[in-house]
4 protein chains.
Amino acid sequence: MAGVNKVIILGNLGNDPEIRTMQNGEAVANISVATSESWIDKNTNERREVTEWHRIVFYRRQAEIVGEYLRKGSKVYVEGRLRTRKWQDQNGQDRYTTEIQGDVLQMLDSRSERSMGDYQPSNNYSRANTSNQAPTQTTKTQHDSTDFVGDDIPF
Amino acid sequence: MAGVNKVIILGNLGNDPEIRTMQNGEAVANISVATSESWIDKNTNERREVTEWHRIVFYRRQAEIVGEYLRKGSKVYVEGRLRTRKWQDQNGQDRYTTEIQGDVLQMLDSRSERSMGDYQPSNNYSRANTSNQAPTQTTKTQHDSTDFVGDDIPF
Amino acid sequence: MAGVNKVIILGNLGNDPEIRTMQNGEAVANISVATSESWIDKNTNERREVTEWHRIVFYRRQAEIVGEYLRKGSKVYVEGRLRTRKWQDQNGQDRYTTEIQGDVLQMLDSRSERSMGDYQPSNNYSRANTSNQAPTQTTKTQHDSTDFVGDDIPF
Amino acid sequence: MAGVNKVIILGNLGNDPEIRTMQNGEAVANISVATSESWIDKNTNERREVTEWHRIVFYRRQAEIVGEYLRKGSKVYVEGRLRTRKWQDQNGQDRYTTEIQGDVLQMLDSRSERSMGDYQPSNNYSRANTSNQAPTQTTKTQHDSTDFVGDDIPF
DNA sequence: TTTT
DNA sequence: TTTT
């Protein structure tokens with residue numbers, strides 16, 4: 001047992017979240033978040049920018065919050081860990097997808113911005129939060145080496 | 001321009017570094033670093049562990065240092081950023097590989113450990129460092145938005 | 001030479017920035033940023049919250065940007081390093097103050113929010129940026145161990 | 001509720017840990033960890049180095065692990081959060097001390113290094129771990145906003 | 001493929 | 001696909 005595997009992403013969602021329900025009834029949310037770097041190209045003296053897209057997955061209560069409060073364009077801060085999944089394409093070839101398993105989610109849009117848009121809660125994942133007020137941070141219970149228990153996360 | 005794209009990895013190399021030289025003569029180093037998580041499976045009450053492998057790339061002087069001082073088994077701390085490259089397989093299909101572009105490298109093996117092993121500097125990338133003493137941290141000059149200049153990094 | 005000393009703060013300014021000019025004409029900006037944690041007190045079943053205040057200092061161009069674009073209430077993401085300064089109080093006793101030396105600054109208010117308020121640029125630190133458009137990220141050139149040069153930072 | 005307050009320290013202990021027991025019988029450990037930066041002074045062309053000392057506190061089981069396995073000189077990776085405590089000196093004047101409350105601890109010395117030294121477990125804080133084998137990472141259970149409960153941490 |  |  002060793003190591004640190006930590007990712008910090010701050011950026012905007014490129015699309016509405018995709019929400020699924022696992023066999024056991026728990027929610028899974030996938031979001032795609034953009035970060036970008038820009039610099040001046042010394043040859044052309046022009047500003048250049050490159051955008052990186054990050055696929056992030058949240059589980060359970062955090063997935064519910066994602067589904068409730070995030071939309072295309074939302075700005076978020078995410079802490080998580082890298083996870084590479086192996087799968088097979090239609091030809092039976094091994095393929096790999098790297099994504100970020102989210103551990104901490106912080107919404108960064110002001111309340112006014114959230115309510116300005118065409119905000120329409122479109123799912124029923126809200127369980128504990130019956131008010132119309134978004135939590136702005138959720139921290140997943142992390143696993144202590146002594147009390148973490150295997151769950152249904154498929155990795 | 002927006003966002004934060006940061007990765008922190010602390011783990012051990014699974015293999016010796018792979019060192020290449022770019023067309024312009026600059027060095028590129030690839031390393032594969034393992035991190036692992038472990039927990040107690042509450043169903044079986046057994047300890048379980050999952051290992052994650054991270055592909056990390058360093059350029060220029062940092063690549064040289066990687067080639068000089070790191071070996072299979074070396075423990076390192078790395079700060080970097082995620083970068084997904086698109087490429088085509090032999091069938092012309094789009095494929096994606098996510099790797100970490102290293103910005104900060106800190107070697108964590110004690111000097112005694114470095115010298116205990118079958119340490120054999122096997123390349124000639126050392127330029128500025130003629131002593132036999134490994135630097136233990138290297139921080140790449142980061143690009144200020146005003147002075148970063150396009151270079152030959154292929155992304 | 002060894003180690004990692006990194007701080008990540010995301011929060012809101014409690015006051016307008018304090019801007020000073022050093023003897024050599026370079027700008028210094030101090031900001032005070034709040035972060036808070038909240039939880040349910042299991043004894044009283046009430047929500048409790050504790051706020052932590054972080055004193056952060058920026059130099060030179062970043063200090064200018066702070067002075068231009070940040071105000072009381074602004075939300076910021078900051079990466080920096082801890083620095084404890086020793087000083088003497090009026091009784092000649094040693095006193096210590098820990099602050100964060102900012103390396104990366106990311107403004108998180110939307111443009112509309114920035115322009116909505118009683119925004120009044122009140123200083124003349126802007127040098128390179130003559131447009132009215134705020135940069136949203138600034139990354140200070142970091143020092144490579146080989147090319148960092150002593151400057152006038154008093155620590 | 002808002003914000004991120006995160007510190008990452010990688011360095012060596014300047015002294016053996018100080019271990020105390022709280023009124024409720026739980027352990028508290030204080031360690032002092034050094035990080036250093038070095039650079040070339042462009043005026044004198046000499047190498048300069050500045051060392052920063054970080055006071056870090058761990059509670060409960062992590063405090064026990066600190067007491068068992070860390071010693072002066074040990075190399076550690078710590079993730080935690082900043083916390084400034086107010087207290088009064090003998091003259092009744094307000095004083096402030098900033099320390100890092102540790103959340104994650106990773107020991108970075110190899111087993112051989114740990115056993116090579118004059119290692120003498122000198123306390124009885126070990127509860128769950130009866131083997132002589134050090135865990136190398138411990139992650140404190142973090143508080144979900146819904147399930148964190150007030151404890152006796154004095155802040 | 002590492003390490004514990 | 002976002003944002004600036």
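This is a short talk on the pairing of chains C and D and on a few contacts inside chain C.

First, the conventions. This is a predicted model, in which local features need pLDDT of at least 70 and side-chain atom pairs count only at pLDDT 80 or more, while totals for chains, interfaces and linings use all residues. Residues are numbered from 1 along each chain as its sequence is written, chains are lettered from A and ligands numbered from 1 in the order in which they are written, and side-chain values use heavy atoms, with hydrogens and water left out.

I start with the symmetry. A turn of 180° with a shift of 0.0 Å along the axis lays chain D on chain C, with an RMSD of 0.0 Å. That is the relation of a two-fold axis. The superposition is by least squares on the C-alpha atoms of residues with pLDDT of at least 70 in both copies. Which residue of chain D comes closest to the rotation axis? It is Val7(D), whose C-alpha is at 2.2 Å.

Now the interface. Contact here means heavy atoms within 4.5 Å. On that basis, 43 residues of chain D are in contact with 43 residues of chain C. Of the interface residues of chain D, 100% are also interface residues in chain C, so the copies meet through the same surface.

The size of an interface is often given as the accessible area lost when the parts come together. Between chain D and chain C the buried area is about 3700 Å², with 48% of it from carbon and sulfur atoms. That area is taken with a 1.4 Å probe and summed over both parts.

On to the polar side. There are two salt bridges between chain D and chain C, a salt bridge being a side-chain nitrogen of Lys or Arg within 4 Å of a carboxyl oxygen of Asp or Glu. One of them joins the side chains of Arg81(D) and Glu37(C), at 2.4 Å from N to O. Nine residue pairs are in polar contact between the two chains, both residues at pLDDT 80 or more. A polar contact is a pair of N or O atoms within 3.5 Å; within protein, one must be able to donate a hydrogen and the other to accept it, and residues adjacent in sequence count only if both atoms are side-chain atoms.

Which element of chain D gives the most to the side that touches chain C? Strand 1 of chain D does, with seven residues. Strands are DSSP runs of E, at least two residues long, numbered from the N terminus. The residues on that side of chain D divide into 16 nonpolar, 15 polar and twelve charged; Ala, Val, Leu, Ile, Met, Phe, Trp, Tyr, Cys and Pro count as nonpolar, Asp, Glu, Lys and Arg as charged, and the others, Gly among them, as polar.

Strand 1 of chain C, residues 4-13, pairs with strand 1 of chain D in the antiparallel sense over seven bridges. Pairing requires that DSSP finds at least two bridges. Within this pair, Ile9(C) stands opposite Asn5(D).

Last, chain C itself. Strand 2 (residues 18-21) and strand 3 (residues 27-40) of chain C pair in the antiparallel sense over four bridges, with Glu18(C) opposite Asn30(C). These two strands form a hairpin with five residues between them, and Gly25(C) in the turn has a positive phi of about 90°.

Thr97(C) is in strand 6 of chain C, residues 94-107. The side chains of Thr97(C) and Trp87(C) make a polar contact at 2.7 Å. Asp103(C) forms a salt bridge with Arg81(C), the closest N and O atoms being 2.8 Å apart. Asp103(C) lies in strand 6 of chain C and Arg81(C) in strand 5, so the pair ties together parts that are 22 residues apart in sequence.

Definitions and conventions: Buried area = accessible area lost by both parts, 1.4 Å probe.
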